[in-house]
Amino acid sequence: MAKYLKKSDLAGFIGSLAGQYQVLGPVEKDGRVVFAPAGAADLKLDFQNSHTSPKDLFFPQSERMFQFTLDPNKEGAFVLQDVDLAPAPRLVFGMRPCDAAAFFVLDRVFKNDQFTDPYWQVKRDATVIIGLGCNQPCPTCFCPSVGYGPFHEDGLDAIATDLGDGFLIKPLTEKGQKALAGAKGLTDPEGKMDEKAAAIAAAAQESIKSEVPTRNIYTRTVMELFNAPHWDRVFESCLNCGTCTYVCPTCHCFDIQDEVTSAKDGDRVRNWDTCMSWLFTIHGTGHNPRPGKKERVRQRFMHKFKYIPMKRGGLIGCVGCGRCVNLCPVNIDVRDVVRDMNA
Ligand code: SF4
Ligand code: SF4
């Protein structure tokens with residue numbers, strides 16, 4: 001059952017959660033909203049969309065996978081040492097539904113019937129996410145076109161709706177239920193709070209005017225889309241800077257490198273990479289299957305809108321957050337590219 005939290009009780013609520021979890025949320029840093037450890041006073045809950053996505057909470061930009069040391073007892077051999085993967089229990093308050101939906105997408109990449117990525121999974125298991133519905137989506141948002149929405153619930157453990165004086169918080173999972181059961185400041189909703197929350201969600205959905213049709217993409221073959229003529233112009237202005245991939249909540253390309261820290265030891269590290277980079281796909285032979293900008297730009301869009309849906313039962317690999325639209329330095333707009341693909 002949903003609970004009500006007055007904004008004047010937010011400090012007590014967050015304080016009580018902080019006894020059991022490390023609390024994180026949207027905070028302002030250098031004029032930008034990012035997700036970081038937060039007390040109630042730090043939380044910036046009137047943001048529209050954080051500058052970068054919170055994917056780094058589960059998939060850090062750079063992550064040590066294990067350490068290696070030269071074996072003192074055996075020449076040329078190494079001793080490998082695991083790192084402690086699991087964070088202390090964490091609770092994220094105020095995540096936008098599009099970013100949580102991205103975790104729903106990435107959960108199927110990092111944990112599926114073939115393998116489980118422990119680096120991802122331990123952090124997912126240790127984290128409770130209380131989302132904050134998006135009362136005022138940005139003009140660049142298009143989440144409903146890709147199957148999500150400003151109050152979408154996939155990937156969240158609970159969802160809060162800002163009613164003005166307080167939040168109506170609905171648990172969605174056992175984890176969410178458990179976290180809310182131990183929190184202070186929650187009361188039973190009064191009057192027509194449910195109806196008010198539903199009206200806010202409907203108005204938010206209605207306010208999103210960007211329509212991006214995707215239906216034809218599924219009926220076209222991979223090769224029809226791959227060879228479509230529009231790729232010959234989409235790539236021209238792209239700088240291959242990678243900004244779109246680094247800010248995207250669903251992009252998850254990575255590279256693994258050994259970083260030597262002394263003559264005897266070092267770390268194996270996983271770092272974000274980008275399909276926009278020529279280096280990302282070059283083979284040891286020197287052959288590069290995506291040698292030019294056209295192939296790399298095409299890959300980014302084909303991956304999200306054709307390959308992921310083909311493999312994951314229609315689930316689109318873009319949640320419509322609009323970050324890449326806002327931040328691409330040469331104004332390449334994913335909505336236009338997808339309209340071209342669909343046409
Ligand atoms: S942000 Fe724009 S210019 Fe940079 S790689 Fe992405 S599409 Fe190309
Ligand atoms: S492709 Fe662009 S709009 Fe889609 S999820 Fe990534 S950053 Fe957001």
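**Close-up 1. Asn-331 sits in the loop between helix 12 (323–327) and helix 13 (334–342).** Welcome to this predicted model; the tour starts at a loop residue with a backbone angle worth checking. Asn-331 has a positive phi of about 60°, although this residue is not a glycine. Is Asn-331 buried or exposed? Asn-331 counts as exposed, because 9 C-beta neighbours lie inside 10 Å, and the cut-off for exposed is 12 or fewer.

**Close-up 2. Asn-240 lies in the loop between helix 8 (231–234) and helix 9 (243–247).** Here, too, is a residue that is not a glycine but has a positive phi, in this case about 55°. Asn-240 has 15 C-beta neighbours inside 10 Å, so this residue counts as partly exposed. Asn-240 is also one of the residues that surround ligand 1, which leads to the next view.

**Close-up 3. The shell around ligand 1 holds nonpolar and polar residues but no charged ones.** Which residues surround ligand 1? One stretch runs through Cys-238, Leu-239, Asn-240, Cys-241, Gly-242, Thr-243 and Cys-244. Met-276 joins them, as do Cys-328, Pro-329, Val-330 and Ile-332. By class, the shell around ligand 1 divides into nine nonpolar and three polar residues.

**Close-up 4. Ligand 2 has 13 residues around it.** Those that come nearest to ligand 2 are Cys-248, Cys-318, Cys-321, Arg-323 and Cys-324. How many residues of each class make up the shell around ligand 2? The shell has eight nonpolar, three polar and two charged residues.

**Close-up 5. Eight strands form an open sheet with mixed pairing.** Follow the strands across the sheet and the order reads 3-2-6-7-8-9-1-10. At the edges are strand 3 (32–37) and strand 10 (186–187), each of which pairs on one side only. Within the sheet, strand 7 (residues 127–132) and strand 8 (residues 158–162) pair in the parallel sense over three bridges. If you would like a residue pair to look for, the bridge partner of Leu-132 in strand 8 is Ala-160. Helix 5 (residues 193–207) packs on this sheet, where helix 5 touches strand 1, strand 8 and strand 9 (166–171). The direction of helix 5 makes about 85° with that of strand 8.

**Close-up 6. Helix 1 (residues 10–18) lies across four strands.** Which strands does helix 1 lie across? They are strand 1 (3–6), strand 2 (22–29), strand 6 (90–95) and strand 10. Helix 1 runs at about 130° to strand 2.

**Close-up 7. Glu-153 is found in the loop between strand 7 and strand 8.** With 19 C-beta neighbours inside 10 Å, Glu-153 counts as partly exposed, because buried calls for 20 or more. Leaving out residues up to four places away in sequence, Glu-153 touches Ile-159 and Leu-172. The C-alpha atoms of Glu-153 and Gly-133 are separated by 9.1 Å, and these two residues are 20 residues apart along the chain.

**Close-up 8. The largest nonpolar core has 69 residues.** In soluble globular proteins, nonpolar side chains tend to be buried together. Which residues have the most contacts inside this core? They are Leu-91, Val-92, Ile-130, Cys-143, Val-146, Ile-169 and Val-319. Helix 2 (residues 97–110) gives the core its largest share, seven residues. For a closer look, centre on Cys-143: residues up to four places away in sequence aside, the residues that Cys-143 touches include Cys-98, Tyr-148, His-152, Ile-208 and Val-319. Also touching Cys-143 are Gly-149, Pro-150 and Gly-320.

**Close-up 9. Four strands form an open sheet with antiparallel pairing.** The strand order is 5-4-12-11, and the edge strands, strand 5 (78–82) and strand 11, each pair on one side only. From one strand to the next, the twist averages 25°. Strand 4 (residues 62–70) runs antiparallel to strand 12 and is joined to it by seven bridges. In this pairing, Gln-67 stands opposite Asp-267 in strand 12.

**Close-up 10. A hairpin joins strand 11 to strand 12 through four residues.** Strand 11 (residues 254–260) and strand 12 (residues 265–272) run antiparallel, with seven bridges between them. Across this pair, Ile-256 stands opposite Arg-270 in strand 12. How many of the seven residues of strand 11 are buried? The count is zero, and strand 11 is hardly covered.

How values were computed
Residues are numbered from 1 along each chain as its sequence is written. Chains are lettered from A and ligands numbered from 1 in the order in which they are written. This is a predicted model: local features need pLDDT of at least 70, side-chain atom pairs count only at pLDDT 80 or more; totals for chains, interfaces and linings use all residues. A residue is near a molecule or strand if its C-beta atom, placed from the backbone, lies within 6 Å of it. Ala, Val, Leu, Ile, Met, Phe, Trp, Tyr, Cys and Pro count as nonpolar, Asp, Glu, Lys and Arg as charged, and the others, Gly among them, as polar. Two strands pair if DSSP finds at least two bridges between them. Helices (H or I, at least four residues) and strands (E, at least two) are DSSP runs, numbered from the N terminus. Two residues are in contact if their C-beta atoms, placed from the backbone, lie within 7 Å. Axes are lines fitted to C-alpha atoms, for helices over the stretch in contact, and angles run from 0 to 180 degrees between N-to-C directions. A nonpolar core is a set of buried Ala, Val, Leu, Ile, Met, Phe, Trp, Tyr and Cys residues joined through C-beta atoms within 7 Å.
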